[in-house]
Amino acid sequence: MTHLELIKQLDNKSNHERLDIIIATLNHLNVKYVTQEYSTGKNLIVDLGDRSHRVGISSHFDRVKNSAGANDNGSAIAVCIDIIQKFKNIDNNNIGLRVFFFDEEETGLKGSKAYVQQFGVKDLLGLSNLELVGLGDKYALWPVGKSSQGRILSTFERVSETMHITTKRFDRIVTNTADHISFQKAGLEDSFTVTCISDEDIETAIHYYKALEFEVDREPLAEIMSNALIFQHYHKPTDTFEKLNENSLITTSSIVWNTIAAMEW
Ligand SMILES: [Zn+2]
């Protein structure tokens, strides 16, 4: 199954149905998972390999009501499933991986908060959270300052470089909220979010932050933002699988997987 075929299945489905599709896919792949039920939702977690400390890779499966939920965040679900498949293909238990499918990211990071509250972060080396990874050929890593040196972060950058793929650190982005925050707050320093972007998005970001220094009005800022490819369908009914690019998804899977493989296990 291609990434886009899975995202097509997820589009416009209820959050409950989206979780059921993930479960059916994992069952089909013969992959064991556990669920964590908390007061308002349910997370799904897949552990791979035998290590006591693991690299976390995460997606959220809920979508905002008004959106079909393809790039946000069906794209990340599809990449997470592909990472699980890649692990199954090599079946190297020396690698330690925990793949998360979080609930209720869009309503206040509730799923990831519930996870760190119950389980903490001690058995994690770090977390690479995926958000909107289906469009573009470059990667924004955020919120990451110039001096950040996390092990997963630097491996991700080094691997991208060898693949001739551009990554760019952003100490903040426009939306600035994602599940890595729950982990950072719980003390896991090497946690960041990966978003696939294009040259137009980078141009827009530069323009946006310049404007922020001078403009306080929301209107011109919103207009600048609307020029970014990534925000054209963001949280809109038009965020459907047809807008995404299989190559962007394949590249995301490859970088994430190569990063995991390049960690010194
Ligand atoms: Zn999202």
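Here is an informal back-and-forth about a predicted model, covering its zinc site, aromatic pairs, pockets and cavities.

User: Which protein atoms count as donors of the zinc ion, and what makes them donors?

Analyst: They are His60 (NE2), Asp72 (OD) and Glu131, which gives two OE atoms. These atoms lie 1.9 to 2.6 Å from the zinc ion, and the cut-off for a donor here is within 2.8 Å. So they pass, and they count as donors. Along the chain, their spacing reads H-x11-D-x58-E.

User: Why is the site of the zinc ion called irregular?

Analyst: Look at the angles: among the four donor atoms they run from 52 to 135 degrees. Four donors count as tetrahedral if all angles lie between 85 and 135 degrees. The 52 degrees falls outside that window, and square planar would need opposite donors over 155 degrees apart, so irregular is the label left. One caution: water is not among the atoms, so a site may look incomplete.

User: What makes His60 and Asp72 a link between parts of the chain?

Analyst: His60 sits in strand β3 (residues 54-60), while Asp72 belongs to helix α3 (residues 70-90). The pair therefore ties together parts that are 12 residues apart in sequence.

User: How do you know whether His60 and Asp72 are buried or exposed?

Analyst: Relative accessibility settles it. His60 comes out at 1% and Asp72 at 2%. Buried means under 20%, so both residues count as buried.

User: Moving on to the rings, why are Phe156 and Phe192 called edge-to-face?

Analyst: Start with the distance: their ring centres are 6.2 Å apart, and a pair needs centres within 6.5 Å. Then take the planes, which stand at 80 degrees. Over 60 counts as edge-to-face, so that's the name this pair gets. It is part of a set of 11 aromatic pairs found in the whole structure.

User: What do Phe156 and Phe192 tie together?

Analyst: Phe156 lies in helix α5 (residues 151-162) and Phe192 in strand β8, so the pair joins parts 36 residues apart in sequence. Both Phe156 and Phe192 are buried.

User: What makes Tyr208 and Tyr209 an edge-to-face pair?

Analyst: Their centres are 5.5 Å apart and the angle between the planes is 90 degrees. With the limits at 6.5 Å for pairing and over 60 degrees for edge-to-face, the pair qualifies on both counts. At 11% relative accessibility, Tyr208 counts as buried. Tyr209, at 15%, also counts as buried. As for clusters, Phe100, Phe102, Tyr115, Phe119 and Phe183 form one aromatic cluster.

User: How do you know which element gives the most to the lining of the largest pocket?

Analyst: By the share of residues: α7 supplies six, the largest share. The pocket has a volume of about 400 Å³ and is lined by 28 residues, with Ile173, Val174, Thr175, Ile230 and Phe231 nearest its centre. The elements giving two or more residues to that lining are β6 (138-142), β8 (191-197) and α7 (199-214). By class, the lining splits into 17 nonpolar, six polar and five charged.

User: What makes up the lining of the second largest pocket, class by class?

Analyst: Six nonpolar, one polar and five charged residues. The lone polar one is Gly145, because Gly counts as polar in this scheme. Lys146, Lys168, Arg169, Asp171 and Arg172 are in the lining too, and Asp, Lys and Arg count as charged. Here α7 again gives the most, with four residues, and the volume is about 270 Å³.

User: How many cavities are there, and what makes a space a cavity?

Analyst: The count comes to two cavities of 30 Å³ or more. A cavity is a set of points where a 1.4 Å probe fits but cannot get out. The largest holds about 60 Å³ of space, and the second largest has a volume of about 40 Å³.

User: What is the lining of the second largest cavity like, by class?

Analyst: It has six nonpolar residues, two polar and no charged. The polar two are Ser128 and Thr259, since neither is on the nonpolar or charged list. α9 gives the largest share of this lining, three residues.

Definitions and conventions:
Residues numbered from 1 in each chain as written. Predicted model: local features only at pLDDT ≥ 70, side-chain atom pairs only at ≥ 80, totals over all residues. Heavy atoms only, no water. Donors = N, O, S within 2.8 Å, 3.2 Å for Na, K, Ca; no water. Tetrahedral: all angles 85-135°; square planar, octahedral: opposite > 155°, others 65-115°. Buried < 20%, exposed > 50% of the residue type's maximum accessible area, 1.4 Å probe, protein only. 1 Å grid on protein atoms, 1.4 Å probe; cavity = no way out; pocket = protein on both sides within 12 Å on 5 of 7 lines; lining within 4 Å. Points joined across faces, edges and corners; volume = space filled by probe spheres on them. Phe/Tyr/Trp six-rings, centres within 6.5 Å; stacked < 30°, edge-to-face > 60°.
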